[in-house]
Amino acid sequence: MTPTPHLTETTARPERLAPFQQVERSLHAHAGTATVDIVVPVYNEERALPGCLRTLHARLATDFPFPWRITVADNASTDDTLATARRLADELPGVGVVHLDRKGRGLALRTVWGASDADIVVYMDVDLSTGLDGLLPLVAPLASGHSDLAIGSRLAPGSRTVRGPRREFISRCYNGIIRLTHGVRFTDAQCGFKAARTEVLKPLLQVTRDDAWFFDTELLLLAEHNGLRVHEVPVDWVEDVDTRVDIVGTATDDLRGLWRMGRLKASGGARVDVPSRPAPAAEHPDAVLAPATRRGALSWEVGCFLAIGVVSTAGQALLYWLLRGWWSPAVANLVSLLVLTVLNTEANRRLTFRYSTAPPARAHLGAGGLFVLGYLVTSGAVLWFKSIDPGASTAAETAILATASVAVTCVRFTVLRLAVFTSTPRRTR
């Protein structure tokens, strides 16, 4: 595949790529042989770099069971960071330096990762905000072949963070926006603690375009979109306030990036030819397996859709009853139906049609069209009932509304399954 322009626009000068450090301790005599390249991207970090490399080097030399090396990716520093990195590379075995003449963390990672000959590539921030106890859990599922990418998460259950309320709020809002707009399952896109198997990473790098902080999110969106398995590790994370991140500017760029990735996925340009993963197979030789039909899938879809439909109908009826005291039947029905339609669609996208390749935007647009139909039918039923019995109670109106909603629900399932959501599961990786 032809390299992206990013790899040819920038000059990356590997001043010295360190050899992989072999594990000698008897404790790890039976450890795997996957090689690991840990990249530390830096820009004007002459103060933080020595402490980072010495701490990381000591941990790897004593507690890491795979052949490893550390690569400092200096992306156009203007202070003495490069000279500091060279001095530390001479001092510490297994430390190498790559210099780039343009700034950008995404650019540095794409360039160094793309050229690495390691089986697994890792990156971590120079401030070591993420506890190194999470490094082995990050790499192990990749070395075993179980997962394709692994990320540290500050928002996953079991994680522990020490950071200010401003960054906590921004982080949770941003990751919530990603899940809402792209329907992803990972919880933390921007933690500076990630790893990937090189064979699946390099095809993704050919599609990435961001040179800065959005690179992390872009890579993860591509990975999930192409059916790769992303493993999350809950981490301990302590904020270092000596940061080079412009939080407001980065947030703006991230929102632009999410819009760009949405368009790329909709156009089909985000599909990447990555190495396939064998389909799941039973380990037990005498396992009794169900027939290879979609009957089980249909049963799940019908059962799940009905369960969500029952909850949604009850929720709409309750909300209508609460709103009817202030508004007319048509307005109360409109608001209650709108709110429950959004919640119902999202629940069905994540549960009922969980293997669908339809993007969230298509799911909600399709559900929007059905919303109009449902509103017309249910409002017409309520208004018709009121014209027949003007003195009917709100409870009677609510019963008519619920009956009409059941009929609409049956139509919604058929249309959603056949026209909105694809019925073919994601191809196995």
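1. The expected span of a helix is taken as 1.5 Å times one less than its number of residues. In this predicted model, helix 6 covers residues 165–182, and its 18 residues should therefore span 26 Å. The end C-alpha atoms of helix 6 lie 26 Å apart, in agreement with that expectation.

2. Helix 6 has a buried set of residues, consisting of Glu 168, Ser 171, Tyr 174, Asn 175, Ile 178 and His 182. These residues occupy an arc of only 140° around the axis, which means that they sit on the same side of helix 6. An α-helix has 3.6 residues a turn, so residues three or four places apart point the same way.

3. On the face of helix 6 turned away from its buried side are the exposed residues Pro 165, Arg 166, Phe 169 and Leu 180. After helix 6 comes Gly 183, with a positive phi near 65°.

4. Helix 3, residues 81–91, may be read in a similar manner. Its buried residues are Thr 81, Leu 82, Thr 84, Ala 85, Leu 88 and Ala 89. Viewed down the axis of helix 3, they fall within an arc of 160°, so they line one face of the helix.

5. As to the whole protein, it contains 13 helices and ten strands. Of its 429 residues, 48% count as buried. The exposed area is about 20600 Å², of which carbon and sulfur atoms supply 62%.

6. A final point concerns contacts along the sequence. Taking contacts between residues at least 6 apart in sequence, 81% join residues at least 24 apart.

Notes: Residues are numbered from 1 along each chain as its sequence is written. This is a predicted model: local features need pLDDT of at least 70, side-chain atom pairs count only at pLDDT 80 or more; totals for chains, interfaces and linings use all residues. Side-chain values use heavy atoms; hydrogens and water are left out. Helices (H or I, at least four residues) and strands (E, at least two) are DSSP runs, numbered from the N terminus. Buried means under 20% relative accessible area, exposed over 50%, partly exposed in between (1.4 Å probe, protein chains only). The arc is that of the directions from the helix axis to the C-beta atoms. Contact means heavy atoms within 4.5 Å. Accessible areas come from the Shrake-Rupley method with a 1.4 Å probe; for residues, only the protein chains shown count as cover.
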